Amino acid sequence: MPIRNRNIYSIIGPTAIGKSKIAIELVDKYPFEIISLDSSMIYREMNIGTDKPDSTILSKYKHHLIDIVDPNEDYNVFQYCKDIDVAIKEIFKNKKIPLLVGGTMMYFNAIINGLDDIPKKIPCVKDFVSDLMNKYPLKTMHDCLKDIDYDSFLRIHSNDQQRIERAIEVYISSGKPLSSFFKSSSNFFDKYKFINIKLFTEDRNYIHEKIKMRTSRMFEQGLIDEVKHIIHKYPNIEKCQSMKSIGYKHIIEYLNNDLKKEHLIDRCIFATRQLAKRQYTWMKNFSFESEIEISSTENILKKIEKNLHLGKLM
């Protein structure tokens, strides 16, 4: 297959909107193979809180970049770009078509727009910045980005501790703002054509209700016990990147008596709603071949098939 004819399809949308369900329907009918675009599903043993497809789905449908690192391991967007490059080549070698599915917009942005080699984490710098984060209010640390990395200050939400911390780390270790490592020039994915599908809804109550239902289901399925198991198996994991994910972070706060149990689920729901809001903001920066309003009664699969003329793939 000539490289110029190698199309990569993607399903992008906010959390809880139903991306995985649509992806499975597409794989059932067309020669797609799924690549996860989710920064939390990469971790083994983090199943319930990431809403990871269950073992039956994963055994029936090939998913790339799920369960590839342990929760106590570091992982970043640059490593993701390396891993997805390998996955894409493998899929084309198997005469299938890559289908990216997820909502980690920083990963998607790196694939579409390119990313330079971000400096690796330096333990002493990481510890120093961590001490600063503990010493000063989060808003103060976010405001620091105004002077050292204004683009990141505008892009990163003032409550996003993980990304604020990383932006400051990069600046201290490299002397360059994190945003300077993002490129609008060519990158190693330029040899592919991306056909992007956007799932969205204009009905805020619709996505809020979906988030509420999914969060409640996670707790019913045993999310607290899942976090307890991970903490027991991996000592000192509380400060690891994986445990900053929604749900895991909040349950650790609850287990440390920093959050009351009666507020736990509501705090997770609120954090997930904020995530969805940031995802919508990110999506304004991307172009889409098909935009699907999912709260309508129309068949979403048929709408995608019609808009993208998928019959030619069969």
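## A walk from helix α11 to the parallel strands

What covers the buried residues of α11 includes α9 (204-220), α10 (223-233) and α12 (261-283). Keep in mind as you click around that this is a predicted model.

**Stop 1: helix α11.** Select residues 248-255, the span of α11, and colour its buried residues: Tyr248, His250, Ile251 and Ile252. Then pick out His250, which sits in this helix. Is His250 buried or exposed? Its relative accessibility is 7%, so His250 counts as buried. To see what surrounds His250, show Leu259, Leu264, Arg267, Cys268 and Ala271; these are its contacts once neighbours within four places in sequence are left aside. Before moving on, step just past the end of α11 to Asn257, where phi is positive, at about 65°.

**Stop 2: the second largest pocket.** Stay with α9 and α12 for this one. Select Thr201, Glu202, Asp203, Arg204, Ile207, His208, Arg273, Gln274, Ala276, Lys277, Tyr280 and Thr281, and you have the lining of the second largest pocket. The elements giving two or more residues to that lining are α9 and α12. Which element gives the most to the lining? That would be α12, with six residues. The volume of this pocket comes to about 310 Å³. If you colour the lining by class, you should get five charged, four polar and three nonpolar residues.

**Stop 3: strand β4.** Now jump to residues 97-102. All six of the six residues in β4 are buried, so this strand is largely enclosed by the rest of the structure. Show the side chains and look along the strand. In a regular strand the side chains alternate between the two faces of the sheet. Here Ile97, Leu99 and Val101 point one way, while Pro98, Leu100 and Gly102 point the other way, and all are buried.

**Stop 4: the partners of β4.** Add β1, residues 7-12, to your selection: β1 runs parallel to β4, and four bridges join the two. For a landmark on that pairing, take Ile12, which stands opposite Gly102 in β4. Next add β2, residues 32-37. How many bridges join β2 to β4? There are six, and this pair runs parallel too. Two places to put labels are Phe32, which stands opposite Ile97 in β4, and Ile35, whose bridge partner in β4 is Leu100.

**Stop 5: strand β2 and its link to β3.** Hide β4 for a moment and leave β2 on screen. β2 is mostly covered, with six of its six residues buried. On one side you will find Phe32, Ile34 and Ser36, and on the other Glu33, Ile35 and Leu37; both faces are covered. Bring in β3, residues 63-64, which pairs with β2 in the parallel sense over two bridges. The pair to label here is Ile34 and His63, since the two stand opposite each other.

**Stop 6: two loops with positive phi.** From β2, follow the chain into the loop that leads to α2 (55-60), and stop at Glu45. Glu45 is not a glycine, yet its phi is positive, at about 75°. Then go to the loop between β3 and α3 and select Asp67. Asp67 is another non-glycine residue with a positive phi, this time about 60°. Its relative accessible area is 30%, which puts Asp67 in the partly exposed group.

**Stop 7: Asp83 in helix α3.** The last selection is Asp83, in α3, residues 77-93. What does Asp83 touch, not counting residues up to four places away in sequence? Show Leu65, Ile68 and Tyr75 and you have the set. Draw a distance between the C-alpha atoms of Asp83 and Leu65: you should read 7.5 Å, for two residues that are 18 apart in sequence. Finish on the side chains of Asp83 and Tyr75, which are joined by a polar contact of 2.6 Å.

Key: Residues numbered from 1 in each chain as written. Predicted model: local features only at pLDDT ≥ 70, side-chain atom pairs only at ≥ 80, totals over all residues. Heavy atoms only, no water. Buried < 20%, exposed > 50% of the residue type's maximum accessible area, 1.4 Å probe, protein only. Pairing = 2+ DSSP bridges. Contact = heavy atoms within 4.5 Å. 1 Å grid on protein atoms, 1.4 Å probe; cavity = no way out; pocket = protein on both sides within 12 Å on 5 of 7 lines; lining within 4 Å. Points joined across faces, edges and corners; volume = space filled by probe spheres on them. Nonpolar A, V, L, I, M, F, W, Y, C, P; charged D, E, K, R; others polar. Polar contact = N/O pair within 3.5 Å; in protein donor to acceptor, adjacent residues only side chain to side chain.
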